[in-house]
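Here are some exercises to work through with the model open beside you. Try each task on your own before you read its solution.

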Amino acid sequence: MTGKLNLTSWEVALITYVTCAIVSLGVAGIIKLIFFAIRWKGEQQVKKGVQ
Amino acid sequence: MGGFDVLYLFQGIATLVGGDPGISIGRIVLIMLGLLFVYLGAKGILEPLIMIPMGVGMAAVNGAVLYLSATNQGTIFIDPMVSDPAPLLDALQINFLQPIYTFTFSNGLIACLVFMGIGAITDVGFILMAPFSSMIIAICAELGTILTFPLAVWMGLTFKEAAAISVVGGADGPMVLFTSLMLAKHLFVPITIVAYLYLSLTYGGYPYLIRLLVPKKLRGIKMDLKNMPKVTPGEKIAFSLITCTILCLLFPVAGPLFMSFFLGVIVRESGVKRFVEFLEGPVLFGSTFFLGLLLGVLCEASTILNPKVLNLLILGMFALLMSGIGGIIGGYAMYFISKGKFNPVVGIAGVSCVPTTAKVAQKEIQKVNKHALILPYAMGANVSGVITSAIITAIFCTLLR
């Protein structure tokens, strides 16, 4: 068990994996958001140009 | 002349003959191993960038053991164990590689410099094209890291030592170096050597794993590259800045690694040619050269002959094997999610040995289908693997430090 957290090795492994998965998918979500934001801004500028 | 001992003149041999037999045999074995590494590196069987300086360092340091005093043996290359200020000051003035070790190795700077260089040669556009599939594969490819940790504890290693060796499953040399320096400094030499040795072998071993786990029919699947979005440098910079800041906020302990990697990426994408040339040339190759050389020099018989080394060899192999299997499981997951349009071999690239595993995946696919191009997807999984490995390193360091 870890001194500070009183966890077994399997618990540490599980916490690590689940946290890694959540944060990594969060990063993927950020990427999608950036894409949408930039593309949306681009489309707005094109629309303004057409008007 | 009568009292002159000829061995006093050749102290490397004198210490070999007069020293502890176990250490002497270890020295001979390590000298031979060093020569073998140089040969295999020069032949291209092992990674030459690491193996050539490492092999030369190993052979030289194990030959050059001399009498430092009447009873004390050692070398004038490096003293990795010295930490008190006064002996450290002496060591800095005597051992010729001590300044590089003390000021770049023991504080993890060299890992960050390598990471800056890797950032400068990495196109994050590949991950931006298919972020979710890349990340899912990379998460699966951390299976080896996760399974090795409890196994290592079961085999008698402490939590910190277990975390340091299990990071080998992420297949990222600088990350292993960083974690072992943070968590198990006394074992960082054998752990880092095991890591770099095995990482060199992924190029030879993973093709067999692919052929074993993925049938020929699936290996030939052609992936759609026409509908992949084009990514601008501005989008890459925005992604790097936001991700770096968030990851630093979440895991400050690995902040130097995150900053180094994304700084390299941002410099590349901002197009400051002189900085790009500096990072991808002198910084990356300079630090890789000294990394290899110092790893070799640290392979002194008295340091490396540790009863835990055999366990580390087994665990390192297990970690990389399971990560490869996990990556292919991720590839299969994407194959089923995409209803058969995703080539499962891409999964092996989730093991973040940039860009080796991506190249291995492309090479294996082209053996079956010459027209199949999967490199952009494989590089996406590869870069994602670097990010997931850094996240796992950060979590281990935060939980266990």
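Helices (H or I, at least four residues) and strands (E, at least two) are DSSP runs, numbered from the N terminus. This is a predicted model, where local features need pLDDT of at least 70 and side-chain atom pairs count only at pLDDT 80 or more, while totals for chains, interfaces and linings use all residues. Residues are numbered from 1 along each chain as its sequence is written, and chains are lettered from A and ligands numbered from 1 in the order in which they are written.

**Exercise 1. Describe chain A and its contact with chain B.**

Start with secondary structure: chain A has one helix and zero strands. Next comes burial. A residue is buried if 20 or more other C-beta atoms lie within 10 Å of its own, exposed if 12 or fewer, and partly exposed in between, with C-beta atoms placed from the backbone. On that count, 22% of the 51 residues of chain A are buried.

Now the interface. Two residues are in contact if their C-beta atoms, placed from the backbone, lie within 7 Å. That puts 22 residues of chain A in contact with 27 residues of chain B. To sort them by class, take Ala, Val, Leu, Ile, Met, Phe, Trp, Tyr, Cys and Pro as nonpolar, Asp, Glu, Lys and Arg as charged, and the others, Gly among them, as polar. The side of chain A that touches chain B then has 16 nonpolar residues, five polar and one charged.

**Exercise 2. Check the length of helix 15 of chain B, then work out how it packs on helix 16.**

Length goes first. The expected span of a helix is 1.5 Å times one less than its number of residues. Helix 15 of chain B (residues 233-250) has 18 residues and should span 26 Å, and its end C-alpha atoms are 26 Å apart, so the two agree.

Then the packing. Axes are lines fitted to C-alpha atoms, for helices over the stretch in contact, and angles run from 0 to 180 degrees between N-to-C directions. The axes of helix 15 of chain B and helix 16 of chain B (residues 255-270) come within 9 Å and cross at roughly 170°. Angles under 35 degrees count as roughly parallel, over 145 as roughly antiparallel, 65 to 115 as roughly perpendicular and the rest as oblique. Helix 15 of chain B and helix 16 of chain B are therefore roughly antiparallel.

Last, who touches whom? Helix 15 of chain B contributes residues including B:I237, B:L241 and B:C248, and helix 16 of chain B contributes residues including B:F258, B:M259 and B:F262. By class, this contact of helix 15 of chain B with helix 16 of chain B has 11 nonpolar, four polar and two charged residues.

**Exercise 3. Set two more helix pairs of chain B side by side, and give the handedness of each.**

A crossing is left-handed if the near helix is turned anticlockwise from the far one by less than a right angle, and right-handed if clockwise.

1. Helix 7 (residues 109-121) and helix 12 (residues 173-183) of chain B pack at about 155°, with axes 9 Å apart. They are therefore roughly antiparallel, and the crossing of helix 7 of chain B and helix 12 of chain B is left-handed. B:A111, B:V114 and B:F115 of helix 7 of chain B meet B:P174, B:L177 and B:F178 of helix 12 of chain B. The class split of this contact is six nonpolar, no polar and no charged.
2. Helix 20 (residues 356-368) and helix 21 (residues 375-400) of chain B have axes that come within 9 Å and cross at roughly 150°. These two are therefore roughly antiparallel, and the crossing of helix 20 of chain B and helix 21 of chain B is right-handed. B:T357, B:A358, B:A361 and B:Q362 of helix 20 of chain B meet B:L375, B:A378, B:M379 and B:N382 of helix 21 of chain B. Here the split is five nonpolar, three polar and no charged.

**Exercise 4. Take B:A171 and B:K339, and decide for each: buried or exposed?**

Most residues other than glycine have a negative phi. B:A171 has a positive phi near 55°, and for B:K339 phi is near 55° and positive too.

Place them next. B:A171 is in the loop between helix 11 (159-166) and helix 12 of chain B, and B:K339 is in the loop between helix 19 (309-337) and helix 20 of chain B.

Finally, count neighbours. B:A171 has 33 C-beta neighbours inside 10 Å, so it counts as buried. B:K339 has 7 other C-beta atoms within 10 Å, so it is exposed.
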